[in-house]
Amino acid sequence: MSTEPRLAEVAEPEPAEQAAPGTDQAVKETLEDYTLRFAPRSYRRWTPMVVATTALGGIAYMADFSIGAGIGLAHGTGNALLAIAVAAVVIFVTGFPLAYYGARYNIDLDLITRGSGFGYFGSVVTSVIFASFTFIFFALEGSIMAQGLKLGLGLPLWLGYLVSTLMVIPLVIYGMTALSKLQVWTTPIWLLLMVGPLVYLVAADPGTVDRFLAYAGTDGDGGINTASVLLGAGVCLSLIAQIGEQIDYLRFMPPKTEANKRSWWTAVVIAGPGWVVLGALKQAIGVFLAVYIIAEVGASAAPEPIQQFKGAFDAMMPSWLVVPLAVVLVVISQIKINVTNAYSGSLAWTNSFTRVTRRYPGRMVFVLVNLGFALALMEADMFSFLNSILGFYSNCAIAWVVTVATDIGINKYLLKLSPHAPEFRRGMLYAVNPVGVVAFVAASGLSIALYFHALGDTLQPYSPVAAAVIAFVLTPLMAVVTKGRYYLRRTDDGIAEPLLDEDGNPSAVTYECHVCRQQFERPDVAACRTHDAVVCSLCLSTDKVGDHVLPAGV
């Protein structure tokens, strides 16, 4: 890797600048959830299993049932199950290195992306993609909850959309501390209400399984069709960005030690890439319940989770209890996932805005921005064209996640052209790294063209495959072509203390930032350019004139 300084990139020192207005408030506000920054060891007091349970609580969404039902109704059970399996394998394989890096080095997916091929500003576009993921799925879950409120309370859909949006705001304000309690206490109830009806239907009427397996779909004859499988897999792969929300929790994992390594790895695998196992099962259940509803009620209600579970509860309990339980299930699911969507989306928007403008307006501003986008989608009835939205979106999400996963797995560990330890601080990274940016743009651009039939109807179903393959091939190719020289703008951050301790965990040694006067652990600070002191990563991000940012060099 080239570490020689480029004279053209060494900026002239600029006049010293005091802390930007609002810096103190920005620092205080980020110390609950560590927006934009490394999560310090002093805050990470949860056990691996508590972190894992909290992370898994975020996948309680009902969208999986709708996604599975939509694929099954269109293409038949056989094609739907294969599509779900293909997508699950891709999501698991690509999610593993990302989850490991998030848990091991205690940073979110945006910070991982910066140092894994995109650069300090290059990852802004992927932050926006992730933020889009959160409000798309918030809107989907909010739509499902509104359907439940309409069924149970008679609320009109527009009012249900508003209620489902506003009710999560108080829960998101308090960050990880409140979310961990919410997810742990609601998970057992959610699991019981979700699994109970399925077990009852199979036990009470084994014929439901035969009808499920034989269902041919509206667009097929019951046979396996490659195009149908890939189209279905493309919709499922829209969920590949869910790993970002998992990492928003996994970054709070305790240090990995010899004493806890078994529980640590178990938690990372289960709550990281392992989320897709439960997700795939929910999608398959969605197909099963949709087929059951078609036989009992009719096709029009089959894609709606509230109708699916109402039909299942009808078969096993008194009628007066059916609707209340179905509504409770939907409401619990919506709250569990949409606090995560609002939380993670606000982090992503904040990351992008702060880097571009060098201002930190407060995370709550972007909670409201994210909710505004979601509410607009709900009012536009996105539920009616769900598969089209997800099929398009998946191309961008696949290109991003595969690029970062390939950079970690191949460029870091195999080719050793990408720095092994992740870097995210301003001044240490180039603004844009062509390795990830070129691979991502090429993969997403061509796959979107395929999706919109630009290269013919025959190739259209292959757009998600194209996104994954192009990203996988171009990422190491670009690293070889550039010889890895655009990863690090400098290799020395001016502090003698090592970044990692003897166990390979981020060092817990603390330093005082001379701008905001707060204590931060070693990975979150760098030496100041103009003072004999250190500066935290947030103050570096909000430094408007570059007074504190180290110049390019070794």
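A cavity, as the word is used here, is a set of grid points where a 1.4 Å probe fits but cannot get out. By that definition the structure, which is a predicted model, holds 8 cavities of 30 Å³ or more. Rolling a probe the size of a water molecule over the atoms shows where empty space is left, and the two largest of these spaces can be taken in turn before the packing of the helices.

The largest cavity has a volume of about 120 Å³. Its lining draws on several parts of the sequence, with Phe38, Tyr105 and Ile107 joined by the run Ala421, Pro422, Glu423, Phe424 and Arg425, and then by Leu499, Leu500, Pro506 and Pro523. Divided by class, these lining residues comprise 10 nonpolar and 2 charged residues, with no polar residue in the lining.

The second largest cavity, with a volume of about 90 Å³, is lined by 13 residues, and those lying nearest its centre are Asp108, Asp110, Phe130, Ala348 and Asn351. Four helices each give two or more residues to this lining, namely H5 (109-118), H6 (124-153), H12 (242-250) and H16 (319-357). Of the elements involved, H16 gives the most, with 4 residues. The lining of this second cavity is made up of 5 nonpolar, 5 polar and 3 charged residues.

From the cavities we turn to the helices. Two packed helices are described by the angle between their axes and the distance between the axes. Helix H12, already met in the lining of the second largest cavity, also packs with helix H2 (residues 48-57), and the axes of the two come within 9 Å and cross at roughly 150°. Because angles over 145 degrees count as roughly antiparallel, H2 is roughly antiparallel to H12. Their crossing is right-handed, and in it Val51, Thr54, Ala55 and Leu56 of H2 meet Gln246, Tyr249 and Leu250 of H12. This contact contains 5 nonpolar and 2 polar residues, and no charged ones.

Helix H4 (residues 77-105) and helix H13 (residues 261-271) offer another case, packing at an angle of about 130° with their axes 9 Å apart, and these two helices are therefore oblique to each other. The crossing of H4 and H13 is again right-handed. On the H4 side the contact is made by Phe92, Phe96, Ala99, Tyr100, Ala103 and Arg104, while H13 contributes Trp264, Trp265, Val268 and Val269. The contact of H4 with H13 divides into 9 nonpolar residues and 1 charged residue, with no polar residue present.

Helix H6, which also gives residues to the lining of the second largest cavity, packs with helix H7 (residues 157-166), their axes coming within 8 Å and crossing at roughly 125°. H6 and H7 are therefore oblique to each other, and their crossing is right-handed. In this contact H6 supplies Phe138, Gly142, Ser143, Met145, Ala146, Gln147, Leu149 and Lys150, which meet Leu157, Gly160, Tyr161, Val163, Ser164 and Thr165 of H7. By class, the residues joining H6 and H7 are 7 nonpolar, 6 polar and 1 charged.

Methods:
Residues numbered from 1 in each chain as written. Predicted model: local features only at pLDDT ≥ 70, side-chain atom pairs only at ≥ 80, totals over all residues. Heavy atoms only, no water. 1 Å grid on protein atoms, 1.4 Å probe; cavity = no way out; pocket = protein on both sides within 12 Å on 5 of 7 lines; lining within 4 Å. Points joined across faces, edges and corners; volume = space filled by probe spheres on them. Nonpolar A, V, L, I, M, F, W, Y, C, P; charged D, E, K, R; others polar. Axes fitted to C-alpha atoms, helices over the stretch in contact; angles between N-to-C directions. Parallel < 35°, antiparallel > 145°, perpendicular 65-115°, else oblique. Left-handed = near helix turned anticlockwise from the far one by under 90°. Contact = heavy atoms within 4.5 Å.
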